[in-house]
Amino acid sequence: MQKLRIVMDENQYTKSFVSDGAPHFQQGSMQMQKPPRPDSYLIWAILTTCMCCLPFGIYAIIQAAKVENLYNMGDYDGAYKASNDAKKWSIISAFAWLIVMVIYVLLMLLLGAMSNINVGDLLHTTI
């Protein structure tokens, strides 16, 4: 059952419906609702820092730590930007690690192949 609530605010009447006793926050005649809290991606930032690429991961942790404070201060756009940055830099950290690992494996294969070649035989070959 919904109850009709009339609030007097600076000589203006504002109507709000309250269902199940949950209050609606109002400012003047406009109802204020917070957007949903963005995900901070802090777990992903920590994991990519520990397992992947340290510099990018540290920046991701810094951005992830900002999300909750910015949201609580009412800077919703800043909170969403910090959330997106934390996600982006966590992904960049993971891909940087992947690229480094591919280069490492290729170098090891190349060095392994070169170690099987006898350089002395190459120098003493006749044309």
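Gln63 lies in helix α2, which spans residues 54-72. The model is predicted. Gln63 counts as buried because its relative accessibility is 5%, and buried means under 20%.

**Around Gln63**
- Beyond its neighbours within four places in sequence, Gln63 is in contact with Ala82, Asp85 and Ala86.

**The two faces of helix α1**
- Helix α1 covers residues 42-51, and Ala45, Thr48 and Thr49 are buried in this helix.
- These buried residues sit on the same side of α1, because they cover an arc of only 105° around the axis.
- An α-helix has 3.6 residues a turn, so residues three or four places apart point the same way.
- What do the buried residues of α1 pack against? They pack against α2 and α3, the latter being residues 76-115.
- Ile43, Cys50 and Met51 are exposed, and they are carried on the face of α1 turned away from its buried side.

**The chain as a whole**
- The protein chain contains four helices and four strands.
- Read from the N terminus, the elements follow the order β-β-β-β-α-α-α-α.
- The chain has 127 residues, and 19% of them count as buried.
- Among contacts between residues at least 6 apart in sequence, 43% join residues at least 24 apart.
- The accessible surface of the protein chain is about 10,100 Å², and carbon and sulfur atoms account for 66% of that surface.

Technical notes: Residues are numbered from 1 along each chain as its sequence is written. This is a predicted model: local features need pLDDT of at least 70, side-chain atom pairs count only at pLDDT 80 or more; totals for chains, interfaces and linings use all residues. Side-chain values use heavy atoms; hydrogens and water are left out. Helices (H or I, at least four residues) and strands (E, at least two) are DSSP runs, numbered from the N terminus. Buried means under 20% relative accessible area, exposed over 50%, partly exposed in between (1.4 Å probe, protein chains only). Contact means heavy atoms within 4.5 Å. The arc is that of the directions from the helix axis to the C-beta atoms. Accessible areas come from the Shrake-Rupley method with a 1.4 Å probe; for residues, only the protein chains shown count as cover.
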